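I set out to record three look-ups: cysteine pairing, the nonpolar core, and one lysine. The entries follow in that order.

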Amino acid sequence: MENSVRELFERYGRLFRMALEDAVDMDEVVSSYAAAFVAASPAGVSVGQNDEQLKRMMQQGFERNRRIGTKDMRLRNVCISPIDEHHCLAHVAWTAVYDRGGEPDVSIDFEVHYLVQELEDGPKIFGWISGDEQAVLKQHGIT
């Protein structure tokens, strides 16, 4: 499970970078997610379905990232905490790089904790827990 989950996030990072160039197939992006999922952050907890609305929300998120100057998303590390033979918690460390125009780029390290299920069709994200992205962006002068 550890190798396949690591490959899931390596692929997800590649897709994110392609999306920053507006050159990604949204069907391929959402194929990383299970049929239903839960998300938690300081803003609250939400649930969703892997459907057309998810594609629209992901596309809007990528557009926002491009608008605020996100130019790269790098995978730093994946640490797996197995739960059982089909589930794990993946602690994923990312670095986002922002273009600040005439100023030096800003790099921000952060972690997201993903709930992953692996069945016959490979690992899928069914949940994630993240920090306060808006506060961090504001703190670094991005938004």
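**Cysteines, core and a lysine**

I noted first that Cys88 is buried, with a relative accessible area of 0%. The model is a predicted one.

I then searched for disulfides and found 0 in the structure. Cys79 is in no disulfide, its nearest cysteine sulfur being that of Cys88, 10 Å away. Cys88 is likewise in no disulfide, with the sulfur of Cys79 at 10 Å as the nearest. Because a disulfide requires two cysteine sulfur atoms within 2.5 Å, I list neither Cys79 nor Cys88 as paired. For burial, I recorded Cys79 as partly exposed, at a relative accessible area of 40%.

I turned to the largest nonpolar core, which holds 35 residues. Those touching the most other members are Phe9, Val29, Met58, Ala90, Trp94, Tyr114 and Val116. Among the elements that give two or more residues to this core, I noted helix H1 (2-20), helix H3 (52-67) and strand S5 (103-119). H1 supplies the largest share, 8 residues. I also listed the contacts of Met58 beyond four places in sequence: Tyr12, Met26, Val29, Val30 and Tyr33.

Last, I examined Lys124, in strand S6 (residues 122-129). Which side chain of opposite charge is nearest to Lys124? I found Asp121, 4.4 Å away; Lys124 is buried and has no salt bridge. The cut-off for a salt bridge is 4 Å, so this pair does not qualify. The Lys124 side chain does reach the backbone oxygen of Ser31, at 2.6 Å. Leaving out residues up to four places away in sequence, I found that Lys124 touches Ser31, Ser32, Tyr33, Ala34, Leu115, Val116 and Gln117.

Note on methods:
Residues numbered from 1 in each chain as written. Predicted model: local features only at pLDDT ≥ 70, side-chain atom pairs only at ≥ 80, totals over all residues. Heavy atoms only, no water. Buried < 20%, exposed > 50% of the residue type's maximum accessible area, 1.4 Å probe, protein only. Core = buried A, V, L, I, M, F, W, Y, C linked by side-chain atoms within 4.5 Å. Helix = DSSP H or I, 4+ residues; strand = E, 2+ residues; numbered from the N terminus. Contact = heavy atoms within 4.5 Å. Lys, Arg positive; Asp, Glu negative; His and termini not counted. Polar contact = N/O pair within 3.5 Å; in protein donor to acceptor, adjacent residues only side chain to side chain.
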